[in-house]
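Please open the model in your viewer and keep the selection tool at hand for a short tour.

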Amino acid sequence: MTFAFAPTEQVSLPIVGSELRFPVHRVYCVGRNYAEHVKEMGGEVGRDPPFFFAKPADALVTDNRFPYPSLSTDVHREVELVVALGPGAELFGHAVGLDMTRRDLQAAAKKLGRPWEVAKGFDHSAPVSPIVPGNAALSSGAITLDVNGLLRQTGDIAEMIWSVPAIIAELGRLFTLQPGDLIFTGTPAGVGPVARGDRLHAEIAGVGALTVDVI
Ligand code: MN
């Protein structure tokens, strides 16, 4: 096959302890998967169950730098456990991610009943750590986010409304899951804005850490 022009590069992530790269297919995200975050966003646990949205694969950031996006003055950080699917769409590993969100544009979209792409799927909206391989689903462990050394988000993976296996099962009813798919599994309470010059440091016990500078 000969393309009319050079295709864009295959997006990939490093794998801890390996020279091989993880080739990314799709990036799915779960919304409202921690009760305390549901409440801080004005929702009601039970009435507002988790749901899915997506980001483009090339929104992933692996160089630890987040350029403050255009057309927003209220950009939030959401620390999240990221699940990586490998061959057979089986669990391949986990990573630490940030679901960066233009909260002002998201609020406008919600009010108008419009889709969320401009709020959630913008360029550089998905900083992520290298993948830690392992086929056992993470079911507990502290998840935290510091901004400039101050603790801003804290929770535990055990608090997720949909567990990792439940997310994979739910998502698989809606889409054909493929090797290379990533799933951002939702954020605990304590979301808030970032500013240029901020240093974000996310950690998940048993997975690792991710440091990102807002530039
Ligand atoms: Mn999120």
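Is Glu 78 buried or exposed? At 4% relative accessibility, Glu 78 counts as buried, where buried means under 20% relative accessible area and exposed over 50%, with partly exposed in between (1.4 Å probe, protein chains only).

Before moving on, note that this is a predicted model, in which local features need pLDDT of at least 70 and side-chain atom pairs count only at pLDDT 80 or more, while totals for chains, interfaces and linings use all residues. Residues are numbered from 1 along each chain as its sequence is written, and side-chain values use heavy atoms, with hydrogens and water left out.

Next, select the manganese ion, whose protein donors are Glu 78 (OE), Glu 80 (OE) and Asp 99 (OD), lying 2.0 to 2.1 Å from it; donors are N, O and S atoms within 2.8 Å of the metal (3.2 Å for Na, K and Ca), and sites may look incomplete because water is not among the atoms. Both Glu 80 and Asp 99 are buried.

Now add Arg 103, whose side chain meets that of Glu 78 in a salt bridge (2.8 Å, N to O), a term for a side-chain nitrogen of Lys or Arg within 4 Å of a carboxyl oxygen of Asp or Glu. Arg 103, at 9% relative accessibility, counts as buried as well. Extend the selection to Lys 55, Asp 99 and Lys 120, which salt bridges with shared partners join with Glu 78 and Arg 103 into one network.

Finally, select Asp 48, which forms salt bridges with Arg 32, at 3.9 Å between the closest N and O atoms, and with Arg 47, at 2.8 Å, N to O. Arg 32 counts as buried at 18% relative accessibility, whereas Arg 47 is exposed, with a relative accessible area of 51%.
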